[in-house]
Amino acid sequence: MIAEISAGLLAPRAATSPKYLYDALGSRLFEAICELPEYYPTRTEAAILAQYGAEIARAVGAGATLIDLGAGNCAKAASLFPLLHPAQYVAVDICYDFLRESLGRLQQRFPHIEMSGLGLDFSSRLELPGTVRADQRLFFYPGSSIGNFAPEQAIAFLRRLRANVCDDGALLIGIDLVKDSATLDAAYDDALGVTAAFNLNLLRHLNQLIGADFDVRQWRHRGFYDAAAQRVEMHLEARTDVEVRWPAGARRFACGERIHTEDSYKYTREGFVGLLGQAGFSAARTWTDPAQWFAVIHARAIRH
């Protein structure tokens, strides 16, 4: 981890993985982002799941092994429990402390469902323990988190999911669709500055992880949509010339120089279905909102 972070900070164009945005405070700040009027993905996806939940349940079938990637507070998966009736629920998140609290509350609400939590950076590897049922595995990856991967990385990630299911396995995934720049810019740079706080908290997290001496006051948030690349970019920009040190290295940042912290790629439905096919999944059903801003796709594993 230290080597990975150091290499990113010392690269010609400094960058860090978006997974480091999610310590305990970062996870709570993201929960707050999801409540903002500018941040449409969460409420739009929730509306799709609520409106088409019965159809989704019929497509998925009862008794699935529901594996929730980036589970966070587990709320999205929990909203589907009364319809899906999963035989087992496995919540996976990089921030295990936050996950443990969420899972404990959820088990009290649904004591009849077998539950377990897994603290794992699933962005780079996916190793499920033997306690996870192999039958009818359904990977649930909501929130358009797949957008954090560049398209070629997304294909590799989806292939890892396919490798972890049998021929009866499937994927239920949320994707953010291409739309106007003004809507996307506002969603990732809100008026209250909650997204800015979320992004800046990354520096505090890096201080804890690698012993760096970032001063949050010396940096500002930048979030914007690049229409040509079909992605939102988030950066942290130095307000002044600053030198940052940590035990494994040091770097001087000039005023205006940036650290790239996250991408969020947007897709057309046809483009994403193509990615699924390359990864070994066949898109069975798609549900969208009336404005066509967001889509939930159920994809079945292509039989070997």
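**Entry 1: strand β2**

I began with the side chains of β2, where Gln88, Val90 and Val92 point one way while Tyr89, Ala91 and Asp93 point the other way, and all of them are buried. I note at once that this is a predicted model. The pattern fits a general rule: in a regular strand the side chains alternate between the two faces of the sheet. I then asked myself how many of the six residues of β2 are buried. I found six of the six to be so, and therefore β2 is largely enclosed by the rest of the structure.

**Entry 2: the neighbours of β2**

Next I looked up which strands pair with β2. Strand β1, residues 65-69, pairs with β2 in the parallel sense over five bridges, and I found Val90 of β2 to be the bridge partner of Ile67. Between these two strands the chain passes through helix α4, residues 75-84, and I noted that this β-α-β crossover is right-handed.

With β3, strand β2 (residues 88-93) also pairs in the parallel sense, here over six bridges. I looked up two positions along this pairing: Met115 in β3 is the bridge partner of Tyr89, and Val90 stands opposite Ser116 in β3. From β2 the chain reaches β3 through helix α5, residues 96-109, in a β-α-β crossover that is right-handed.

**Entry 3: the seven-stranded sheet**

I then followed the strands outward and wrote down the order of this open sheet of seven strands, which is β3-β2-β1-β4-β5-β12-β11, with mixed pairing. Which strands stand at the edges? They are β3 and β11 (281-288), and because each has a single partner strand, one side of each is left without a neighbour in the sheet. Neighbouring strands of this sheet are turned by 20° against each other on average, direction ignored.

At the β11 end, I found that β11 and strand β12 (residues 294-301) pair in the antiparallel sense over seven bridges, with Ala299 in β12 as the bridge partner of Ala283. Helix α9, residues 269-279, packs on the sheet and touches β5 (170-176), β11 and β12, and its direction makes about 155° with that of β11.

**Entry 4: the three-stranded sheet**

I turned to another open sheet, which is formed by three strands in the order β6-β7-β10 with antiparallel pairing. Its edges are β6 (219-226) and β10 (258-265), each with a single partner strand, so one side of each is left without a neighbour in the sheet. For this sheet too I looked up the turn between neighbouring strands, which is 20° on average, direction ignored.

Strand β7, residues 231-238, is joined to β10 by seven bridges, and the two run antiparallel. Along this pairing I noted that Arg231 stands opposite Tyr265 in β10. I also checked the helix on this sheet, and found that α8 lies across β6, β7 and β10, running at about 60° to β7.

**Entry 5: aromatic pairs**

Helix α8 came up again when I went through the rings, for which the count comes to 15 aromatic pairs. One of them is formed by Tyr22 and Phe198, whose rings lie 5.4 Å centre to centre with 65° between the planes, an edge-to-face pair. This pair links distant parts of the chain, since Tyr22 sits in the loop between α1 (2-10) and α2 (24-33) and Phe198 in helix α8 (residues 194-210), 176 residues apart. Is each of the two rings' residues buried or partly exposed? Tyr22 is partly exposed, with a relative accessible area of 22%, whereas Phe198 is buried, with a relative accessible area of 2%.

A second pair I looked up is that of Phe122 and Phe157, which is tilted because the ring centres are 6.2 Å apart and the planes stand at 45°. It also links distant parts of the chain: Phe122 lies in the loop between β3 (114-119) and β4 (137-141), and Phe157 in helix α6 (residues 151-163), 35 residues apart. Phe122 is buried, with a relative accessible area of 10%, and Phe157 is buried as well, at 1%.

Finally I noted a cluster in which ring pairs link Tyr22, Phe30, Tyr39, Tyr188 and Phe198.

**Entry 6: the record**

I looked up the UniProt record, an unreviewed entry, which places the feature "domain: Histidine-specific methyltransferase SAM-dependent" at residues 3-300. In the model, the end C-alpha atoms of this span lie 37 Å apart, and the span is 37% helix and 26% strand.

How values were computed
Residues numbered from 1 in each chain as written. Predicted model: local features only at pLDDT ≥ 70, side-chain atom pairs only at ≥ 80, totals over all residues. Heavy atoms only, no water. Phe/Tyr/Trp six-rings, centres within 6.5 Å; stacked < 30°, edge-to-face > 60°. Helix = DSSP H or I, 4+ residues; strand = E, 2+ residues; numbered from the N terminus. Buried < 20%, exposed > 50% of the residue type's maximum accessible area, 1.4 Å probe, protein only. Pairing = 2+ DSSP bridges. Right-handed = clockwise from strand over helix to strand, strands pointing away. Axes fitted to C-alpha atoms, helices over the stretch in contact; angles between N-to-C directions. Contact = heavy atoms within 4.5 Å. UniProt positions renumbered as here; feature names shortened; annotations may be inferred.
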